[in-house]
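Colleague: Could you pick one part of this model and take me through it closely, neighbours and all? I'd like the cut-offs spelled out as you go, please.

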Amino acid sequence: GLGGFGMITWGDLWPKGGIDGLSKWFGICAFSYGTVPITYNIQEGMRDPSQMSRATQIALVLVYIVYVIISDGVAIVYRPATGPDGFEGDVLQELPVGWIPTAIRMAMTFVVLVTAPLLAVPCAQLVEGKLGIDTDPKNSVVVFEEGDARSFVQRHPNASSVAVRYAICLLCAGISILVPGFVDVLSFVGAFCVALTSFVFPPLLHITLLRRKLAEEEVRATRSVSAPVFKPDAATEKELRRFGSPQVGEKKRANPMTADSLRIIRIDAALLIWGVVATAITSLLTFLDLFR
């Protein structure tokens, strides 16, 4: 009841259980707010893909508000029944019998049903691409076009695509039955898969692409150096070398590395190191927690 508001302490604002609890909390947060694994698939289905950034911002704000109201609200309302330690594991399994717990379980079932395709479809498309099950343009509609690049969505998936997606769903259902701790699975998936695609791959790929771009700019700048307009004599060349000027026929090496480029690379490197360390530690701890 409302008496739970009087039982809130400062200790409730931080994950409990030391480094293990912090790792589980990190995995849950990464899974709950991780948009990178499904961003491009959703963007391909948008009428105006350029609005993806704005749509993501609005969606994350709404999700944050809903999470705060529902998760914290349920924990506070049932605090008198659960005691100062709160819920120890899966909230759905620890809720008592009644119309409010039943409504909460039904709401969670609805969330799983409507969000599972968002996670299964990108995975299925990756598997289909590796197996060589390509989208047939004759049975597809163009949903995104930029230059020579086009993205298709099948009106009627072929039998192979249906089989792949059913196999993925059955595999996920089997894992969910074998692993009793729903929270532990979400923590490990968030700490490993979502954290990799959200905190490790983006800065790594950005550094790679930026270095390639700088190398191309250096080649273009070197080729654009023009030849001298006059040919100096030996005495003039000697004086030019004294002041550090290039000799005749030499090309001054272009350096496209600017202060902004260095700053961006340093930020990416810091994010990459943090992402690798956080992902490695939390993935290991949450994986070991599955067998406890």
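Modeller: Sure, I'll start with the overall layout, then stay with one helix and what surrounds it, and finish with two spots elsewhere.

Bear in mind that this is a predicted model: local features need pLDDT of at least 70, side-chain atom pairs count only at pLDDT 80 or more, and totals for chains, interfaces and linings use all residues. Residues are numbered from 1 along each chain as its sequence is written, and side-chain values use heavy atoms, with hydrogens and water left out.

The protein's secondary structure adds up to ten helices and two strands. Both kinds of element are DSSP runs numbered from the N terminus, with helices being H or I of at least four residues and strands being E of at least two. Starting at the N terminus, the order is α-α-α-α-α-α-β-β-α-α-α-α. Of the 292 residues, 21% are buried; that word means under 20% relative accessible area, while exposed means over 50% and partly exposed is in between, using a 1.4 Å probe and protein chains only. As for contacts (heavy atoms within 4.5 Å), take those with a separation of 6 or more: 69% of them are between residues 24 or more positions apart.

The part I'd zoom in on is helix H10, residues 259–289, which packs against helix H1, residues 18–33. Their axes are 9 Å apart and cross at about 110 degrees. Those axes are lines fitted to C-alpha atoms, for helices over the stretch in contact, and the angle runs from 0 to 180 degrees between N-to-C directions. This makes H1 roughly perpendicular to H10, because 65 to 115 degrees gets that label, whereas under 35 is roughly parallel, over 145 roughly antiparallel and the rest oblique. Who meets whom? H1 brings Ile-19, Asp-20, Ser-23, Lys-24 and Phe-26, and H10 answers with Trp-274, Ala-278, Thr-282, Leu-285, Thr-286 and Asp-289. Sorted by type, the residues of this contact are five nonpolar, three polar and three charged. In that scheme Ala, Val, Leu, Ile, Met, Phe, Trp, Tyr, Cys and Pro are nonpolar, Asp, Glu, Lys and Arg are charged, and the others, Gly among them, are polar.

Stay with Trp-274 for a moment. Ring pairs join it with Phe-26 and Phe-199 in a cluster. Rings of Phe, Tyr and Trp (its six-membered ring) pair if their centres lie within 6.5 Å; planes under 30 degrees apart are stacked, over 60 edge-to-face and the rest tilted. By this rule there are six aromatic pairs. One of them is Tyr-33 with Tyr-67, edge-to-face at 5.6 Å centre to centre and 80 degrees between the planes. Tyr-33 sits in H1 and Tyr-67 in helix H3 (residues 52–77), 34 residues apart. Tyr-33 is partly exposed at 29% relative accessible area, and Tyr-67 is partly exposed too, at 36%. Back at our helix, Phe-199 and Trp-274 have ring centres 5.3 Å apart and planes at 85 degrees, so this pair is edge-to-face. Phe-199 lies in helix H8 (residues 182–223) and Trp-274 in H10, so the pair ties together parts 75 residues apart in sequence. Phe-199 is partly exposed at 29%, and Trp-274 is partly exposed at 46%.

Now look at two buried residues in H10. Thr-279, a member of this helix, has a relative accessible area of 5%. A polar atom of its side chain lies 2.6 Å from the backbone oxygen of Gly-275. Leaving out residues up to four places away in sequence, Thr-279 touches Ala-191, Phe-192, Ala-195, Leu-196 and Val-200. Ser-283, also placed in H10, is buried at 7%. Its side chain has a polar atom 3.0 Å from the backbone oxygen of Ala-191. Beyond its neighbours within four places, Ser-283 contacts Phe-188, Ala-191 and Phe-192.

Two last spots. Val-189 belongs to H8 and is partly exposed at 28%; its C-alpha is 8.3 Å from that of Ser-283, 94 residues away along the chain. Elsewhere, Ser-50 sits in the loop between helix H2 (36–44) and H3 and is exposed at 58%. The side chains of Ser-50 and Asp-48 share a polar contact of 2.6 Å, a term for N or O atoms within 3.5 Å where, within protein, one must be able to donate a hydrogen and the other to accept it, and residues adjacent in sequence count only if both atoms are side-chain atoms.
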